[in-house]
Amino acid sequence: MKYAVIKIGGSILNNLNKSIIEDILTLKKQNYVPIIVHGGGPFINKQLSKIGVESKFVDGLRVTDEEVLLQTSSTLIGEVNPQVVFQINQYEPLAIGVNGIDMNLFDIEPLHPKYGFVAECSSVNKAALELICSNSIPVVAPIGIDSISGQRYNINADSLAYKIASEMEGDLFLISDIPGVLIKDEVQANLSIRDINNYIETTEIYGGMIPKVTGAISAIKDGCKSVKIISGSSEHALLKSSISNEIGTTITS
Ligand SMILES: Nc1ncnc2c1ncn2[C@@H]1O[C@H](COP(=O)(O)OP(=O)(O)O)[C@@H](O)[C@H]1O
Ligand SMILES: CC(=O)N[C@@H](CCC(=O)OP(=O)(O)O)C(=O)O
C-alpha cells in the first residue's frame, strides 16, 4: 500500500474534469491510499474583493492579517472544502473534510511576521491520518492551528501537500490548470533539480510555478517518492500519470 497525496489547485477546481474524481476512486481500489489537499486561491481573492480588500502576496504567499485570515479560513473550510468533498461523494461516499484543527492533524510553524498569520506544516499526525485513511478519503483544507495559543494560520496548499507526501513517504500529484511545466510551449516530461534551478534563473518558470517546483525538490529530498505536475482538465490525467511518465511533468532528483 502506498499513499498518493493529490493536491487540487484552486485554479482548476471549477473546471476539474470529472474523470479525475473517478481516478481518485480507481487509485484507492488499486492499492493506493489517497489523501486530497486542496487550494482555493482564486476563491479567496474573489471573497476579498467582494468586501473591498486587496489581495497581497509576498514570495507567492498571501499576506494574511486578521480580516484576511477570517475570510481565508471561512472560504477554504466553509466553501471550497465541502465542494471537493461533495464531488467525490457523488461517486462514492468516502470523502471527509478535515483541516489541521481536526484530530490535531498537523502541527504548524509560523513563518516570518511580514506574511502575517501564515505558517508551514511542521509535522503530520501520522496516526490520525492513517486512522482516517483506513476507512475514508481525507480532503484537507490548508488551515492549521497553533496547538498552544489556538491561533489559526493560513498555509500554502502546495507546501502542505509536500509535507504530507514526505512524511507519509507517498507519491505526490499536483493538479493544476496547465498540462505540466512548459518551456517554450512544450511540456517537459522530466525535470531534474538542475533543470529547475536553470529555468527559474531564465524566468521560464515563474509565479505560482516557482513554489511548486522548489517545493518538489525539498519534498524529494525529505522522502516523497515522486512528484508529478498534471492537468486537471485532461481526461484521466491522474490515473494515466500514476502508471506512465508520458503525462505531465515528473520531477526527479
Ligand atoms: N514554466 C511554466 N509552465 C507552466 N506554468 C507556469 C510556468 N511558469 C509559471 N507558470 C504559471 O503557474 C501557474 C500554476 O500555478 P498556480 O496559479 O499557483 O496554480 P494552482 O492554483 O493550481 O496551485 C500556471 O497557471 C502558470 O501561469
Ligand atoms: C499562505 C497562502 O498563500 N495560502 C493560500 C492558501 C490557498 C492556496 O494555496 O491555494 P492555491 O493552491 O489555489 O494557490 C492562499 O491564501 O491563497
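## The shell around ligand 2

Let's start with who surrounds ligand 2 in this predicted model. Two elements, α2 (41–50) and β4 (61–62), each put at least two residues into its shell. There are 14 residues around the ligand, and Lys7, Gly10, Arg62, Asn154 and Ala157 come nearest. Sort the shell by class and you get 5 nonpolar, 7 polar and 2 charged residues.

Which atoms of Lys7, Gly41 and Ala157 face an oxygen atom of ligand 2? For Lys7, a polar side-chain atom lies 2.6 Å from an oxygen of the ligand. Gly41 uses its backbone instead, with an N or O atom 3.1 Å from a ligand oxygen. Ala157 also brings a backbone N or O atom, at 3.0 Å from an oxygen of ligand 2. As for cover, ligand 2 exposes 430 Å² when taken alone, and the protein buries 90% of that.

## The shell around ligand 1

Now for the other ligand. Ligand 1 has 16 residues around it, and Ser11, Ser176, Leu182, Glu204 and Lys212 come nearest. Its shell splits into 6 nonpolar, 6 polar and 4 charged residues.

Two serines show up among the polar contacts of ligand 1. A polar side-chain atom of Ser11 sits 2.7 Å from an oxygen atom of the ligand, and an N or O atom in the side chain of Ser176 is also 2.7 Å from a ligand oxygen. With Tyr206 the contact is to a nitrogen atom of ligand 1, which lies 3.2 Å from a polar backbone atom of that residue. On its own, ligand 1 has 580 Å² of accessible area, and the protein covers 80% of it.

## The largest pocket

Where does each ligand sit? Ligand 2 is in the largest pocket, and the space taken by ligand 1 is the largest pocket too. This pocket has a volume of about 820 Å³. Its lining runs to 38 residues, and Lys7, Asn156, Asp158, Gly208 and Lys212 lie nearest the centre. Two of those names should ring a bell: Lys7 is among the residues that come nearest to ligand 2, and Lys212 is among those that come nearest to ligand 1.

Which elements build the lining? Two or more residues each come from α2, β4, α3 (66–89), α5 (157–167), β11 (171–176) and α7 (209–221). Of these, α2 gives the most, with 4 residues. That helix also supplies at least two residues of the shell around ligand 2. By class, the pocket lining has 17 nonpolar, 15 polar and 6 charged residues.

## The second largest pocket

There's another pocket to look at. The second largest pocket holds about 400 Å³ of space. It is lined by 20 residues, with Glu120, Ser159, Tyr162, Gly215 and Ser218 closest to its centre.

Here β7 (119–124), α5 and α7 each supply at least two residues of the lining. You've met α5 and α7 already, as both also give two or more residues to the lining of the largest pocket. In the second largest pocket, the lining residues divide into 8 nonpolar, 7 polar and 5 charged.

Notes
Residues are numbered from 1 along each chain as its sequence is written. Chains are lettered from A and ligands numbered from 1 in the order in which they are written. This is a predicted model: local features need pLDDT of at least 70, side-chain atom pairs count only at pLDDT 80 or more; totals for chains, interfaces and linings use all residues. Side-chain values use heavy atoms; hydrogens and water are left out. A residue is near a molecule or strand if one of its heavy atoms lies within 4 Å of it. A polar contact is a pair of N or O atoms within 3.5 Å; within protein, one must be able to donate a hydrogen and the other to accept it, and residues adjacent in sequence count only if both atoms are side-chain atoms. Accessible areas come from the Shrake-Rupley method with a 1.4 Å probe; for residues, only the protein chains shown count as cover. On a 1 Å grid over the protein atoms alone, a cavity is a set of points where a 1.4 Å probe fits but cannot get out, and a pocket is an open set with protein on both sides within 12 Å along at least five of seven lines; lining residues have an atom within 4 Å of a point. A molecule sits in a cavity or pocket if more than half of its atoms lie within 2 Å of its grid points. Ala, Val, Leu, Ile, Met, Phe, Trp, Tyr, Cys and Pro count as nonpolar, Asp, Glu, Lys and Arg as charged, and the others, Gly among them, as polar. Grid points are joined across faces, edges and corners, and a volume is the space filled by probe spheres set on the points.
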